[in-house]
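Work through these exercises with the sequence and the model side by side. Try each task before reading its solution.

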Amino acid sequence: MGLRTHLGDHFEPIMALYSPVAWIFGSPFTVVLLHSLFVLSSVWVFWQLSGIFKLPWLLRYLLWGMFISNMYFQRVLGILFSPSPMALPIFLLILLAWERKRLVPFCMYSILLLGVKEEAGLTLASCGVALCLSPTQRRAGAVLAILAIAAFVASMSIVNHFHENLGSKWAMLFGQPRSFRELISMAWHSPLAVVRLWGWPLKKFIPLGKLILSSGGFLLVFPQGLLALILATAPHQPALGSQAFELFHKLESYYPSFLVPVLLWGTAHGVRRMW
């Protein structure tokens, strides 16, 4: 099976949802059209999310316009057909449910997001760790981080099982470790090695800086959002010099899909704090 499945190269079982659509309509154009409309629905979801912060109507429209015109959002829209852009509306729905304190929708959308790509669990865990900075959300953030890490390990185990080169996905994401056990062992015995692997040289964070500046830098006044973005980009840091890193370095292709929702959520919080 190997790379010929949606469980080998990447963990993308969400693609199975398109099977009934393709079977009913029998048209690839219809599938692509519905996919594009679903990704575009993120504009409406962010409008709902921005309304929670009770900003003046002008600021809310400016924030909404900032999202629509954001260059990284536009790049994701440029992907003709891939499961990764589906993370935009789904992740925004997760953040909307979190802000509204609605557990059931939050869990439903989180499960859906986990089927988009293997890094979804790690991004959710990054948000959970970041939310631990807030005294009122510390316990919920810790639970989210633990469950999301477990989901990430499970999805990576499935990918490694179907991948033609066993262990290669761990090595692609984290560099030297080729399994979750090796990663934990490395972090336990040599934590400085992990820090150097993910955080040096500093030019690795150039794309992150560009992403933050693309929304006016308001994220910088919301530490939770900033930490979540830093942790979410960690899997791509060891890939310096590879083709994957070059795409991430420029934030091209589908790479901004999981980062843009966190950016917008943090930017909205930052604007509210400054206001």
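Helices (H or I, at least four residues) and strands (E, at least two) are DSSP runs, numbered from the N terminus. This is a predicted model: local features need pLDDT of at least 70, side-chain atom pairs count only at pLDDT 80 or more, and totals for chains, interfaces and linings use all residues. Residues are numbered from 1 along each chain as its sequence is written, and side-chain values use heavy atoms, with hydrogens and water left out.

**Exercise 1. Place glutamate 99 and describe its surroundings.**

Step 1. Find the element. Glutamate 99 is in helix α5, residues 87-99.

Step 2. Check burial and charge. Glutamate 99 is buried (under 20% relative accessible area; exposed is over 50%, partly exposed in between; 1.4 Å probe, protein chains only). Lys and Arg count as positive, Asp and Glu as negative; His and the chain ends are not counted. Glutamate 99 has no salt bridge (a side-chain nitrogen of Lys or Arg within 4 Å of a carboxyl oxygen of Asp or Glu). The nearest side chain of opposite charge, arginine 272, is 5.6 Å away.

Step 3. List the contacts (heavy atoms within 4.5 Å). Leaving aside neighbours within four places in sequence, glutamate 99 touches Leu49, Ile52, Phe53, Trp265 and His269.

**Exercise 2. Find the elements with the lowest and highest mean pLDDT.**

Step 1. Recall the scale. pLDDT is the predictor's confidence in each residue, from 0 to 100.

Step 2. Take the chain as a whole. Its average is 79, and 75% of the residues score at least 70.

Step 3. Compare elements. Helix α9 (residues 168-174) has the lowest mean, 57, and α5 the highest, 92. Where pLDDT is low, the predicted coordinates should not be read in detail.

**Exercise 3. Work out which residues of helix α13 are buried, and how they are arranged.**

Step 1. Pick them out. In α13 (residues 223-232) the buried residues are Gln224, Gly225, Ala228, Leu229 and Ala232.

Step 2. Look down the axis. These buried residues fall within an arc of 130°, so they line one face of α13. The arc is that of the directions from the helix axis to the C-beta atoms.

Step 3. See what covers them. The cover includes α7 (120-131), α12 (206-213) and α15 (259-274).

**Exercise 4. Count the secondary structure elements and the share of buried residues.**

Step 1. Count elements. The chain has 15 helices and zero strands.

Step 2. Take the burial. Of its 275 residues, 48% count as buried.
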